[in-house]
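Me: I am new to this structure and would like a close look at one part of it. Could you walk me through how its helices pack together?

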Amino acid sequence: MSDPRHRSKTPTHSHRDHPAGRHVAPRRVKIGQREVFTEGLSRAVFHDLFHHFMTVSWPRLFATLAAFFLLFDVLFGLLYHLVPGCIANLSPPGFAGAFFFSVETLATVGYGDMHPQTLYGHAVAMAEIFVGLMSLAVITGIMFAHFSRPRARFLFTRNAVVRPVDGKLTLIVRAANQRQNVVQDASAQLRMVRDDVTGEGFRIRRVIDLPLVRSQHPMFVLGWTIMHVIDDASPLKSETTQTLHDSNAAFILSVSGTDETTGQVLMARAEYSSEDIRWNATFHDILEEAEDGTLHVDYAKFHDVEQLANSETEHSHS
């Protein structure tokens with residue numbers, strides 16, 4: 001018989017990891033144009049506050065911080081109000097005065113008229129000042145992180161087009177830099193996500209890379225035409241509109257680069273369903289040359305798609 005001291009222990013799990021008997025409402029997750037409802041995972045917002053505050057909008061962020069500020073003001077105001085006489089020169093009398101003294105203390109303003117005059121009042125004020133200082137540091141960090149988070153202002157066409165280029169059928173997406181500053185060493189990746197069934201009958205959602213004619217751009221300033229050639233080596237060789245629709249195919253374009261002004265890495269993505277692909281079509285030319293030789297880029301026509309004049313089949317491989 002082996003020594004009990006050397007027996008392997010069965011892994012234990014915390015009740016917080018698997019909350020028994022607790023019903024968790026389904027969470028809606030939107031992936032492109034598809035909506036998925038996830039269940040069985042608790043939404044522990046307080047365990048990931050930083051990520052939560054980084055993803056909320058500015059109005060919601062300010063509203064949340066204001067709610068926390070008022071909550072602490074009311075809480076400490078009640079503590080002062082529980083023991084009458086702990087605050088000198090309380091004005092107005094009653095809970096209102098205690099509340100406004102709590103506001104001054106939490107904000108570390110200290111106007112000087114009202115002040116603690118008992119040991120209890122000093123103890124509560126000391127605790128509130130500590131909470132106020134810590135809150136100021138946390139709020140400052142959250143505001144700075146939210147304000148300084150890099151945001152790419154990349155513009156992508158609403159549709160992708162398929163048209164011949166140099167005699168080869170090509171999938172084309174157009175991108176633009178709305179800031180029109182230099183984004184250095186920009187890179188692009190195009191992938192197709194589709195439902196598939198293996199030979200064993202196992203259903204899987206495959207991610208398939210689509211090689212690009214040019215996946216790097218040294219200076220992404222105005223625009224970028226991103227192209228994938230549908231040749232014999234392309235995963236789209238035998239695809240048609242119907243087959244893409246039946247497999248719930250989606251195309252994900254990711255573009256990233258370094259902002260020359262701030263040195264921050266910018267990232268953005270565009271997602272297209274099979275219905276967003278325009279076959280045998282092309283984008284409207286947005287580059288025009290004036291009579292004096294100057295070049296003009298008209299972004300008002302950036303999303304415009306035109307059907308090709310020649311009557312080509314929807315797909316050369318169909």
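How are H3 and H4 oriented to each other?

Reply: Happy to help! This is a predicted model, in which local features need pLDDT of at least 70 and side-chain atom pairs count only at pLDDT 80 or more, while totals for chains, interfaces and linings use all residues. Residues are numbered from 1 along each chain as its sequence is written, and side-chain values use heavy atoms, with hydrogens and water left out.

Helices here are DSSP runs (H or I, at least four residues), as are strands (E, at least two), numbered from the N terminus. The axes of H3 and H4 (residues 119-148) come within 8 Å and cross at roughly 50°; axes are lines fitted to C-alpha atoms, for helices over the stretch in contact, with angles from 0 to 180 degrees between N-to-C directions. H3 and H4 are therefore oblique to each other, a word for angles outside three ranges: under 35 degrees (roughly parallel), over 145 (roughly antiparallel) and 65 to 115 (roughly perpendicular).

In this contact (heavy atoms within 4.5 Å), Ser-102, Thr-105 and Leu-106 of H3 meet Ala-125, Glu-128, Ile-129, Val-131 and Gly-132 of H4.

Now to H4 itself. At 1.5 Å a residue, its 30 residues should span 44 Å, which agrees with the 43 Å between its end C-alpha atoms; the expected span is 1.5 Å times one less than the number of residues. Its buried residues (under 20% relative accessible area, 1.4 Å probe, protein chains only) include Ala-125, Glu-128 and Gly-132. The buried residues of H4 pack against H1 (49-55), H2, H3 and strand E4 (115-116).

Key:
Buried < 20%, exposed > 50% of the residue type's maximum accessible area, 1.4 Å probe, protein only.
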